[in-house]
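Trainee: I would like a close look at one part of this protein, the open sheet and what surrounds it. Could you take me through that part slowly, in one connected account?

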Amino acid sequence: MAKAKKVGFNFFKPYIRTDKGDEIINLKPVLDLVKEKYEVEKGKPDETKGEWKYVYDYKGEPARLSDITVDPGNGFYHLIFERLDYVVPKYTTLHGDSKAIELEDDEYIGREVSVLYDPENHILMIQRNKDSLGPAGIEIFLRTLLIKSETVKNFELVIITDSTAKKRAFNQTAYRKFQLKITGAAADGLVEKLRGRKVEGIDSVEITFSTSSKKQDKLEDDFSKSILEEYVENNDVQKFKIRARQEEDSIIEPIDLIDHKLLAYTVFRFDKDRSLNPVSVFEEMTRIYTLDERGGFINKIKRM
C-alpha cells in the first residue's frame with residue numbers, strides 16, 4: 001500500500017549575542033571538526049569504534065548527532081539527528097494481536113530529522129517531524145559544540161521570517177487554501193453571518209477554505225481577496241495561513257500571515273520503506289532550497 005507523508009521545513013540563521021549586538025556566526029569550522037571525527041571512526045572496524053557519536057540530553061531523553069556529511073557538489077552539510085525514544089511501539093497484522101517490539105536496556109527507537117546547512121550564506125534548513133528533535137533540541141547541540149570549542153557561549157538559532165508575506169499574499173494568481181483561527185469580536189461577527197444571530201459562549205472559530213487536490217483548481221479570486229482584506233490586519237485573528245501559486249507554472253507555496261515564519265513543505269510518497277530515508281529527504285531539501293532557474297528559498301531569503 002502506497003504511503004504519503006507531508007514534511008515541513010523552517011529556516012534559521014545562527015547568531016551570537018554580544019555587547020555590540022547580534023552577529024552571525026560561521027558554523028563551518030566546528031562542523032568540520034565533527035565531520036572529521038565521524039569520518040575517522042566510520043573508517044574503523046566495528047570492534048574498535050567505541051562510543052564516538054555525540055550524545056546529549058534533551059528533555060530527559062538522549063539525543064544524538066547520528067551522522068554528518070558534506071555534498072561535494074554544492075558544499076551543503078547534511079546533519080542527521082536522532083531523538084532516542086523510550087516509548088516502545090507495537091507491531092501487528094490487520095487482524096492479529098499487537099505485540100511490543102523487544103528492546104534491550106541500552107536500545108532505543110530512533111526518530112530521525114535532517115538539517116541542511118549552507119556555510120556560504122549561514123542558513124540552516126531544518127526538517128520538522130512529529131516526535132523528532134525540533135529546532136530547540138538542535139540549538140542545544142550546536143551551543144554545546146561551540147562551548148566545548150571555546151568559540152562562543154551566547155548562541156541562538158533565529159528563525160527566518162518572511163517580511164514580504166502580506167505583500168506576496170495579495171499578489172498570488174491561484175489561491176488553494178485558507179486556514180484561519182479567529183477570536184473576539186471577529187469570531188462573533190463570523191458566527192452571526194453564518195447563523196443569522198449572535199451565539200453565546202463562543203471563544204474562537206477555526207475555519208478552512210480549500211480546493212480539491214486537482215492541479216488546475218483554485219478558489220475564486222474575488223472571494224480570496226475579500227478574505228485577505230477582511231482579516232489580514234485584524235487583531236482578533238490568531239492564525240492565518242494560505243497556500244497559493246504566484247505564477248501559472250510556479251509551485252504552490254505556504255504563506256504564514258501571523259508569525260511570518262518562512263515555510264516550505266513537500267509530500268513524500270513511498271511504497272516499500274516504513275520510514276523516510278534521510279538521503280532522499282536531503283536530496284529533496286536541496287531541491288527546495290536551490291530549486292531551478294526560477295530561484296529557490298535561498299534566493300527568496302537573499303531578497304528579504
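Mentor: What follows is a walk through the sheet, strand by strand, and then through the pocket that shares some of its strands.

Please keep in mind throughout that this is a predicted model. The sheet is an open one of 4 strands, which come in the order β12-β11-β13-β14 with antiparallel pairing. At its edges are β12, covering residues 204–210, and β14, each of which pairs on one side only. From one strand to the next the twist averages 10°. As background, strands of a sheet pair through backbone hydrogen bonds, and they may do so in a parallel or an antiparallel way.

Beginning at the β12 edge, β11 and β12 run antiparallel and are joined by 7 bridges. Within this pairing, I182 has V205 of β12 as its bridge partner. Two helices pack on the sheet here, and their directions can be described against that of β11. Helix α5, residues 184–195, touches β11 and β12, and its direction makes about 115° with that of β11. Helix α6, residues 221–231, touches β11, β12 and β13, and its direction makes about 30° with that of β11.

Moving across the sheet, β11 also pairs with β13, again in the antiparallel sense, over 8 bridges. In this pairing L180 stands opposite F240 of β13. The next step takes us to the other edge, where 4 bridges join β13 to β14, the two strands running antiparallel. Here R243 has P254 of β14 as its bridge partner.

R243 is a good residue on which to turn from the sheet to the largest pocket, since that pocket is lined by 27 residues and R243 is among those closest to its centre, together with I251, I252, Y265 and V267. The volume of this pocket is about 620 Å³. Several elements each supply at least two residues of its lining, namely the strands β11 (174–183), β13 (237–245), β14 (253–256) and β15 (263–270), and the helix α7 (278–290). Of the contributions to the lining, that of β15 is the most, with 5 residues. Sorted by class, the lining holds 12 charged, 9 nonpolar and 6 polar residues.

Between β14 and β15, both of which supply residues to that lining, there is a loop that contains H260. This histidine is worth a second look in the backbone, for H260 has a positive phi of about 60° although it is not a glycine. In general, most residues other than glycine have a negative phi. Another histidine can be set beside H260: H122 has a phi near 55°, a positive value in a residue other than glycine. H122 is found in the loop between β8 (109–118) and β9 (123–128).

To return to the part you asked about, the order of the open sheet is β12-β11-β13-β14, and β11, β13 and β14 each supply at least two residues of the lining of the largest pocket. The residue to keep in view is R243, which is paired with P254 in β14 and is among the lining residues closest to the centre of the largest pocket.

Note on methods:
Residues numbered from 1 in each chain as written. Predicted model: local features only at pLDDT ≥ 70, side-chain atom pairs only at ≥ 80, totals over all residues. Heavy atoms only, no water. 1 Å grid on protein atoms, 1.4 Å probe; cavity = no way out; pocket = protein on both sides within 12 Å on 5 of 7 lines; lining within 4 Å. Points joined across faces, edges and corners; volume = space filled by probe spheres on them. Nonpolar A, V, L, I, M, F, W, Y, C, P; charged D, E, K, R; others polar. Pairing = 2+ DSSP bridges. Axes fitted to C-alpha atoms, helices over the stretch in contact; angles between N-to-C directions. Contact = heavy atoms within 4.5 Å.
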